[in-house]
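Reader: I am in my first year and new to structures of this kind. Please take a close look at a single part, and then show me how the rest is arranged around that topic.

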Amino acid sequence: MLDIARSWVQQSQRIAVLTGAGVSAESGVPTFRDAQTGYWAQFRAEDMATEEGFRAHPERVWDWYQYRRDLLAGVHPNAAHQALAEFQQRHPGRLTLITQNVDGLHQRAGSTGVLCLHGGIFENRWLDAPRACCRIEHAAPGHPPYCDRCGNLVRPGVVWFGEALPSATFEAAEQAAHQCALMLVVGTAGAVYPAAGLARQARAAGARVVVLNPAPSELDDAAHAVLRGAAGTLLPHLLAG
Ligand code: OAD
């Protein structure tokens, strides 16, 4: 199956890749839904990844994102991130990378034009619409930092459950899904929409879809081929050449 998928890579002028937390697992970054090791085995997504959860316990949520930022500062892109970045460098304009990850590891590996559907964990923004007094760079230090004039809180610049995806980024991702001849779906449980819907859109528009995942995912039924294995092993083989 790997050889067939490899021939699809070679034949496809336009390739879209949708990645999820599994692509960073081999860097030592926990996923969300893996039993035991995933963040959602430890925390409730409603508490840690919604605006309501942040308003209820801003310190707890801020500290968790700070913990994840610190963890990311100590890890490195792995063979999967590198294989994608190197393919982009060898074949300019052929591979569009769409990620649900906020960890910045694709960019650190050298990928360009990464469509970050869920924002970036190293970005910050105001919780409430900023007033003239709110200036991120002058926010008073705290957990979270805040505006010392009006009390507005700084929050991580990620997309939480119930929030809209950045519209221009999502539109570009949909366009890539519609235009590609091949979509690789790498390291995602395929449980979160609208991101997961991109694989179904790609298939409906005529693309071949290949899932790379060591475990069953909710997108296996949308795939023409499912490759069971770790992204850091499979992608370098698939994207060689
Ligand atoms: P999940 O944690 O839901 O899924 C991770 C997937 O990676 C699982 O299907 C694993 O089997 C797979 N996996 C684990 N190790 C792997 C490896 N070495 N190589 C390849 N795959 C591996 O993460 P996502 O699908 O990315 O959103 O989750 C989507 C969104 O839900 C996230 O962006 C996040 C989360 O809650 C928010 O926080 C808003």
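Author: A residue is called buried when its relative accessible area is under 20%, exposed when it is over 50%, and partly exposed in between, using a 1.4 Å probe and protein chains only. The model is predicted, so local features need a pLDDT of at least 70 and side-chain atom pairs count only at pLDDT 80 or more, while totals for chains, interfaces and linings use all residues. Residues are numbered from 1 along each chain as its sequence is written, and side-chain values use heavy atoms, leaving out hydrogens and water.

The part to look at is Asn78. With a relative accessible area of 8%, Asn78 is buried. Asn78 sits in the loop between α5 (58-73) and α6 (79-90). These labels come from DSSP runs, numbered from the N terminus: helices are H or I runs of at least four residues, and strands are E runs of at least two. What does Asn78 touch, if residues up to four places away in sequence are not counted? The list is Val23, Ser24, Glu26 and Ser27, where contact means heavy atoms within 4.5 Å.

The domains come next. Domain bounds are taken from an automatic or database domain assignment. Here domain 1 covers 2-29 + 76-118 + 164-238, and domain 2 covers 38-73 + 124-158. The centres of the two domains, taken over C-alpha atoms, are 29 Å apart. Across the boundary, 6 residues of domain 1 are in contact with 5 residues of domain 2.

A second buried residue is Val185, with a relative accessible area of 1%. Val185 belongs to strand β6 (residues 182-186). Leaving out residues up to four places away in sequence, Val185 touches Leu18, Ala199, Val209, Val210, Val211, Leu212 and Leu219. From Val185 to Val17 the C-alpha distance is 5.9 Å, although their positions lie 168 residues apart in sequence as a separation. Over the protein chain, 67% of the contacts with a separation of 6 or more are between residues 24 or more positions apart.

Gln36 is on the other side of the cut-off: its relative accessibility is 76%, so it counts as exposed. Gln36 lies in the loop between β1 (15-19) and α2 (39-42). The phi of Gln36 is near 70 degrees, a positive value in a residue other than glycine. Most residues other than glycine have a negative phi, and most peptide bonds are trans. Two peptide bonds here are cis: the one from His143 to Pro144, with omega near 5 degrees, and the one from Tyr193 to Pro194, with omega near 10 degrees. Pro144 is in the loop between β4 (119-126) and β5 (154-158), and Pro194 is in the loop between β6 and α9 (197-204).

Now the protein chain as a whole. It has 10 helices and 8 strands. Its radius of gyration is 19 Å, close to the 18 Å from the globule rule for 241 residues, so the chain is as compact as a globular protein of that length. That radius is taken over C-alpha atoms, and the rule is 2.2 Å times the number of residues to the power 0.38. Along the principal axes, the C-alpha atoms fill a box of roughly 60 × 35 × 30 Å. Of the 241 residues, 50% count as buried, and Asn78 is buried too.
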